[in-house]
Amino acid sequence: MSVSITVATTGPIASKRDNPSLPTQPDEIAEEVHAAFLAGASVAHVHLRDAQDRPTADLAIARETMEKIAERCPILIQLSTGVGLDVSFEERERLVELRPQMATLNPCSMSFGAAEFRNPPADVERMARRMNELGVKPELEIYDTGHLEAALRLRDAGVLTSEPMQFSIVLGVRGGMAATPANLITMVERLPEDCVWQVIAIGRANLELTAMGIALGGNARAGLEDTLFLRKGELSQGNLPLVQRAVDLARALDRPIATHEETAQALGLSV
Ligand code: KMH
Ligand code: ZN
């Protein structure tokens with residue numbers, strides 16, 4: 001079965017001081033996404049930054065970024081509604097009004113490093129219902145076993161109706177599960193039948209756990225949102241080397257790379 005690769009170019013935390021090649025402005029993000037698409041990525045996970053490079057849910061910036069990506073390539077766009085830890089839920093949820101093909105849905109609140117990632121149950125439910133109305137497919141970001149249970153409760157209550165369900169197992173955020181093989185296996189064993197899933201491995205274990213996710217039959221995510229480094233002490237020069245590494249891992253494990261049409265079909269989306 002083929003592997004769908006998501007490029008996560010920017011994220012909410014890092015700055016150009018951490019890695020000067022981090023794309024933050026719409027043109028920079030669109031260029032990096034295009035290069036990733038040519039290398040095999042079929043989904044772009046998109047965070048937005050303002051002119052000062054701060055995380056933002058500004059609709060004009062989101063629209064411009066989506067347009068610039070679409071001008072360059074037909075990659076599937078997944079807007080982050082996580083946005084950034086200092087941005088209100090009300091601002092974050094407005095992004096789905098732009099009707100990207102997909103958007104993230106973080107089902108639970110949690111500690112996130114030294115800060116807090118606020119996803120109150122009533123707000124999450126409201127955003128999930130609105131995503132259904134607009135036909136925006138949720139990508140459920142699961143940082144702990146209880147987050148999976150919360151997502152399944154929303155499905156059982158008829159709030160999450162999009163099939164197949166799409167999960168990201170996030171490992172390595174301080175406040176969520178540690179990035180260990182045992183935690184990944186526990187989560188994979190608990191996933192519902194017939195879902196689509198990938199690993200998001202934050203930080204040092206990015207390579208090992210991305211490889212493990214592919215070996216276990218999952219999809220893969222790559223990019224500077226998840227790690228700024230190719231290996232200890234070596235900053236990645238942009239997103240492309242990380243995407244290329246995920247492509248190489250999949251090929252080494254005899255799993256072909258999904259085109260954007262194949263990824264859309266697997267997710268029940270039209271292209
Ligand atoms: N960097 C992720 C672990 C989202 O995009 O919805 C958190 C995040 C969530 O950025
Ligand atoms: Zn994100």
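## Exercises on a predicted barrel model

The shell around ligand 1 in this predicted model is made up of four nonpolar, six polar and two charged residues.

**Exercise 1.** Work out which residues of the shell around ligand 1 are nonpolar, polar and charged.

*Solution.* Start by listing who is there: Gly11, Pro12, Ser80, Thr81, Gly82, Thr104, Asn106, Glu141, Val170, Val173, Ile202 and Glu225 surround ligand 1. Next, sort them, remembering that Gly counts as polar here. Pro12, Val170, Val173 and Ile202 go in the nonpolar pile. Glu141 and Glu225 are the charged ones. Gly11, Ser80, Thr81, Gly82, Thr104 and Asn106 are polar. That fits the split of four, six and two.

**Exercise 2.** Trace the barrel and say how its strands pair.

*Solution.* Follow the strands in the order β1-β2-β3-β4-β7-β8-β9-β10: these eight form a closed barrel with parallel pairing. On average, neighbouring strands are turned by 25° against each other, ignoring direction. Now zoom in on one pair. Strand β2 (residues 43-46) runs parallel to β3 (residues 76-79), and four bridges join them. Look for Ala44 there: Ile77 in β3 stands opposite.

**Exercise 3.** Find which strands helix α7 touches, and which ones helix α8 lies across.

*Solution.* Take α7 (residues 206-215) to begin with. This helix packs on the sheet and touches β8 (166-171), β9 (196-201) and β10 (219-222). The direction of α7 makes about 165° with that of β9. Then move to α8 (residues 240-252), which lies across β1 (5-8) and β10. Against β10, helix α8 runs at about 160°.

**Exercise 4.** Decide whether α1 and α8 are roughly parallel or roughly antiparallel to each other.

*Solution.* Get the angle: α1 (residues 26-39) packs against α8 at about 20°, with the axes 9 Å apart. Angles under 35 degrees count as roughly parallel, so α1 and α8 are roughly parallel to each other. Their crossing is right-handed. To see the contact itself, pick out Ala35, Ala36 and Ala39 in α1, which meet Leu240, Val243, Gln244 and Val247 in α8. Sorted by type, the residues of this contact come out as six nonpolar, one polar and no charged.

**Exercise 5.** Hunt down two backbone details in loops: a cis peptide bond and a positive phi in a residue other than glycine.

*Solution.* For the cis bond, go to the step from Glu163 to Pro164, where omega is near -5°. Pro164 sits in the loop between α5 (145-156) and β8. For the positive phi, check Val83, with a value near 55°. Val83 belongs to the loop between β3 and α3 (89-94).

Terms used
Residues are numbered from 1 along each chain as its sequence is written. Chains are lettered from A and ligands numbered from 1 in the order in which they are written. This is a predicted model: local features need pLDDT of at least 70, side-chain atom pairs count only at pLDDT 80 or more; totals for chains, interfaces and linings use all residues. Two strands pair if DSSP finds at least two bridges between them. Helices (H or I, at least four residues) and strands (E, at least two) are DSSP runs, numbered from the N terminus. Axes are lines fitted to C-alpha atoms, for helices over the stretch in contact, and angles run from 0 to 180 degrees between N-to-C directions. Two residues are in contact if their C-beta atoms, placed from the backbone, lie within 7 Å. A residue is near a molecule or strand if its C-beta atom, placed from the backbone, lies within 6 Å of it. Angles under 35 degrees count as roughly parallel, over 145 as roughly antiparallel, 65 to 115 as roughly perpendicular and the rest as oblique. A crossing is left-handed if the near helix is turned anticlockwise from the far one by less than a right angle, and right-handed if clockwise.
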